Amino acid sequence: MPEAAVIRKPRVLSRVFSAVRLPVGDPFAVVGLVIYALFIVTALSAPLIAPYDPTEILYTENYDLASDLLPGEEGHVLGTTSLGRDIFSQIVWGARSALLVGLTAAFMVAFIGSIVGLLSGYFGGWVDALLMRLADVAFGIPFLPFVIVISAFSEPSIWNTVIAMALVLWRDTGRVIRSQVLSLRSRGYVEAARVSGSSDLKIILRHITPNILPLSFLYGSIAIGWAILTEASISFLGFGDPDAISWGFMLQDAFNSQALARQAYHWFIPPGLAIILVVSAGFFISRGYENLLFPKLGR
Amino acid sequence: MSKFKSFLIRTLQLALVLWAVVTILFLMFRLMPGNPLAAYIDPTFTAEQQEALIRQFGLDQPLWRQYFTYLANLLQGELGYSFRYRTPVADRIWLLLPNTLILTFSSLIVAYAFGILAGAWLAWRRGTRTEAAALPVVLATRAMPEFWLGMVLLAIFSFSLGWFPAGGTRSAGTSYDSLWALYTSSNFLSHLFLPMMTLAIYSQGLPLLLMRSNMLDVMKEDFITMAKIKGLSPFAVVIRHGARNALLPVMTSFAISVGYQLQGNVVVESVFSWPGLGRELVNAVAASDYPLAQGAFLMIAVVVIAMNLLADLLYSILDPRISHA
Amino acid sequence: MKAIRNLSLGAGIAASLWATASFAQDPIRQIELLSRPQAAQPAEFQAIQLIAQEWRKLGLDVKVNVMPWSQMADAVWYNRDTWDVTAWQMTGRPERSDPDEIIFNLFHSSTAEKGYNFIGYNNPAYDKIVEEQRVTVDPEQRKALVIEAQEILAADQPNMMLVHPQQAFAFDKTVFDPTSVVDQSGIGIRSYWSWLNITPTGDQKDIIVNSSDNVIAVNPLYISGVTDNWLTELIYDRLFRVGADGLPQPWLAESFEWRDDTTIAVTLREGATFHDGQPVTAEDVVFSYEATTGGEAPMYAPFGSNVSGIAVEGDNTVVFTLGTQSASFLTSSLAKINIIPKHVWDPVLADLSTKDENAESHQEDMPIGSGAFKFVRWLPNEEIVLEANADHFNAPKAERFILRLVPNAEAALGMLRSGEINFLTDFQGDPQVLLDAAEQDGDLEVVSTVDIGFRYVAFNLRRPPFDDPAFRRALSAAVDRRLIVNAAFKKFAVASNSVVSPALEYWHAADVVDGFQAGTDVAKSILEEAGYGGVGDKLTYPEGVSETLAD
């Protein structure tokens, strides 16, 4: 039986701590955590690390555009874009967008999914039927097209993209949490609490929520990767926020400025690698969590 | 019999889901701010011309009536007229759908063939250095933006080496008597290769990881131990006994993958100029062509829902196998 | 600060405390400068950034506001009183080879309320000249008037002209004889005349071109898009064609004769047939003109609206009676309207007249024209194939014309190099990349042509301070166009000071462009002369002028 999933004496705080307990025993997860740490530090200190404003159009001394410089030229570590912007600075600032998108989407997905799962699993009946049909609907909506349409028809902003993602992605979390709640509800201590006259709210908050938090975290950490990848796709297709420099925006810019024909690998490889690094770090960590939660699955 | 009944209920539920998706689609496009025809009204049009255009697309009707007209039309397979092309949406979509389906299925077949073999192999090589090195690579392929992978493949194999064409489904001006003749021509296959590989590299991770994990489960079962005792070679055990039993759950994930893959197509089709439904959706959205975007979206949604149903069906058929594990 | 400022405006005493150079002069408000986004219009965006920077040196407070085209059109075209300054462009089309469309529509006071004169230019002297050139049939006399119009515009600077872009196209010179490619004045090698004349030298007999815009319709009664027009031009003949020199020449017409100022008789070429084998008759011509103005083809209607009567005379002569005398009639009507078969379209139009839809939504499965190429097939989002019409009076040398739909410049260039296309007709990318690729490849020839179209910055003349010609002259003079050409257009453009492109050599006023003086110092002295205060610091209106805005 998985240690973290079987809870006999519910104590809210200790449960929360066990939920966020980092899977440091797993070598994969450790690598992931190190990448995350680097990523977060970069995002937070972007203004200190980046030598230029990522949207600033740079000029050489004689008024020519500082465009398409190769790595190392005029002190640009990764060169400049066709519009004379510093690529390295864009990578650094892109971390900030990715962090924002990833964390908010993950939070919203985990939050909505947990609430739905809790209500559905705990109350059952028509609440359950209604919420699970809603989940069916969310499963029936093609995810990326939905986000494209919402992003394109509303003001271009990262937040609209994040909200569109959250509106669909809660479905997986909701279903899994529901089945977890179903099994928790029939446990002895929950029955005991009910018999002793505890209110539903109290039972949910004190006895059930702490036990589903680890799962919420697991699904949240998976959503970080999804959100970053989706935002990149949206930006690549040109429906992203034109003022926010993200890795997806950089790739779109590179593709449309013909970085491929120019063989400007220094332009379109780094943003791709940054995405892969951060998203796979998320996968590594979630694997670590899985091993912690369900030792049977991972190996 | 009860299994049939539960399947019937599920089908009805999903029909309801389809109706809900259709309604959401309708509202999503109609409730967007601004005049939906704004992009198509030429500045030189007179007021009467503008009104005629609005009438032509039924946009002068109250919303509820538009909704019922829309539903009634859908039931007859009518998807309305494109603002941009002024022609029936259904005509375009039926022409583009085969291109999208062939890309989706060919890439998934490659992905599953590779994923199943590699997954079984990795399970067999469990605990070795090979496995330790392979797993992070597999996870990283899942973390790649598909369009970026497409760009890299395009830059290397098309622009640099010139091995494969840069886009489209066939060389300029070539025609074939039938779709079958087209799809089996080397012309088509060479155009298909890069976009198909892009999608396949991305999607092999799921069957691979599933297969590996199922294999590890199955190999702990008694009958495997029995086989080993009988003195069969380890590899024969893995293939003859392990793989066969681990395979079925992996195959059910195929249906779900079709739905996911259709969505991933949206970006890859744009990178490779592939004339499919996904690129059409992106173009229609960019051009504010609501009826066309709505039609393409709906078609993708129908496939996704149908595949969800198929997956449910497969799971319920394979239920004993799963509960057995 | 705000309070002090308001007080100073009223009192006129405290003003000296913050505007040292001027006394009691109204400060010029913050000016909003509109541009489209960098992703969509990199050169425009770049030019606007540079212009804003130069204007700030004069002491003007400039705010750049970036918005997509749909929003910009709404802010400028539909709300004519509220914007300040905007980047804008006119695209080059063969019909604009006649200067009338641009010098009349853009600046005549009659089009200020709803038409193309969205800047609100109103100059009676100018109106008179452009009206006169319209009805002046003698080319030399008309030329003098067109030149005079350009001089007035240069003095008034209602627009700040920036550049005429140079469009770069390329073809594979191992496939086609380079001398057979026709560089049409102001249009480039991607011209109708190239498609007719281009001669394959090897086994590849097809012209394979690309477009990033999708084909919307192949319809002779619908102006659906630039790319679509390449196709309708080839499938349908017109009575006249704009030649490679930019002047109209008889095409399906054998000859023509002006009987008086408003009557022209056009005699048809013998033996022309539609692609289905039926002959092209005078009846078809009459039908075609009636179809455009009959209410089912709203976008073509304006081009036929000056025809007040049309009649068949003898076997194959058509007599047009014009509502008003028009010097540009050959170019703007006869070279514009497609000749369509009556036997195909008559039942279609009869059917449409009972419906809400008009002819613009009618897509034929197999469009039938009489042009130099025949329609073969259309694969949506992929390609359109036309084949040479060997029976045409000017039959093309190539076998087929194939249009490939390639959504991005990257793929288009890759395809050109691999031979998947052999004539690059649409390239939205960086011209330098194209030149580099051509040099590396060796088989490609790049030809760039100065466009009839132009990029400019439009002032809203309804709003101060842009109602003052001196102020506009100063702003225009503040920006050295070489900076725009080099930095924003990467040298693929020529500096401009006239709406008539140097590509239209006959009509272009070269002196106006050559005599243009630019530089921050020039601009500052114009402002000081006109009495503006705070030059180089914080601009104020001349004494006695106060800012009045109706908003």
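How many residues of chain A are in contact with how many residues of chain B? In this predicted model, 45 residues of chain A touch 49 residues of chain B.

## Chain A

Chain A is built from 11 helices and has zero strands. Read from the N terminus, its order of elements is α-α-α-α-α-α-α-α-α-α-α.

Of the 299 residues of chain A, 59% count as buried. Among contacts in chain A with a separation of 6 or more, 72% join residues that are 24 or more positions apart.

## Interface of chains A and B

The size of an interface is often given as the accessible area lost when the parts come together. For chain A and chain B, that buried area is about 4,300 Å², and carbon and sulfur atoms account for 77% of it.

One salt bridge is found across the interface of chain A and chain B. It joins the side chains of A:Asp136 and B:Arg10, with an N to O distance of 3.1 Å. The two chains also have four residue pairs in polar contact, both residues of each pair being at pLDDT 80 or more. On the side of chain A that touches chain B, at least two residues each come from helix H5 (125-140), helix H6 (143-153), helix H7 (158-185), helix H9 (200-236), helix H10 (247-256) and helix H11 (265-293) of chain A. H11(A) gives the most to this side, with 12 residues.

## Interface of chains A and C

Between chain A and chain C, 15 residues of chain A are in contact with 21 residues of chain C. The area buried between these chains is about 1,500 Å², with 51% of it on carbon and sulfur atoms. The count of salt bridges between chain A and chain C is zero, while two residue pairs are in polar contact, with both residues at pLDDT 80 or more.

A:Gln258 is one residue of chain A in contact with residues of chain C. A:Gln258 sits in the loop between H10 and H11 of chain A. Outside its neighbours within four places in sequence, A:Gln258 contacts C:Ala409, C:Glu410, C:Leu413, C:Phe427, C:Gly429, C:Asp430 and C:Val433. A:Gln258 counts as buried because its relative accessibility is 0%, and the cut-off for buried is under 20%.

## Helix H8 of chain B

Helix H8 of chain B covers residues 186-203, which is 18 residues. At 1.5 Å a residue the helix should span 26 Å, and its end C-alpha atoms are 24 Å apart, so the two values agree.

H8(B) has a kink of about 40° at B:Phe193, shortly before the proline B:Pro195. B:Pro195 is among the buried residues of H8(B). Others buried in H8(B) include B:Asn187, B:Phe188, B:His191, B:Leu192, B:Leu194, B:Met196 and B:Tyr202.

## Backbone details in loops

Which residues other than glycine have a positive phi? B:Ser273 has phi near 45°, and C:Asn381 has phi of about 60°. B:Ser273 lies in the loop between helix H11 (234-271) and helix H12 (277-286) of chain B. With a relative accessible area of 2%, B:Ser273 is buried. C:Asn381 is placed in the loop between strand E12 (373-379) and strand E13 (383-388) of chain C. C:Asn381 is also buried, at a relative accessible area of 0%.

Chain C also holds a cis peptide bond, from C:Pro464 to C:Pro465, with omega near 0°. C:Pro465 belongs to the loop between strand E17 (454-459) and helix H16 (469-477) of chain C.

Methods
Residues numbered from 1 in each chain as written. Chains lettered and ligands numbered in written order. Predicted model: local features only at pLDDT ≥ 70, side-chain atom pairs only at ≥ 80, totals over all residues. Heavy atoms only, no water. Helix = DSSP H or I, 4+ residues; strand = E, 2+ residues; numbered from the N terminus. Expected span 1.5 Å × (residues − 1). Bend = angle between axes of the 7 residues up to and from the residue. Buried < 20%, exposed > 50% of the residue type's maximum accessible area, 1.4 Å probe, protein only. Contact = heavy atoms within 4.5 Å. Buried area = accessible area lost by both parts, 1.4 Å probe. Salt bridge = Lys/Arg side-chain N within 4 Å of Asp/Glu carboxyl O. Polar contact = N/O pair within 3.5 Å; in protein donor to acceptor, adjacent residues only side chain to side chain.
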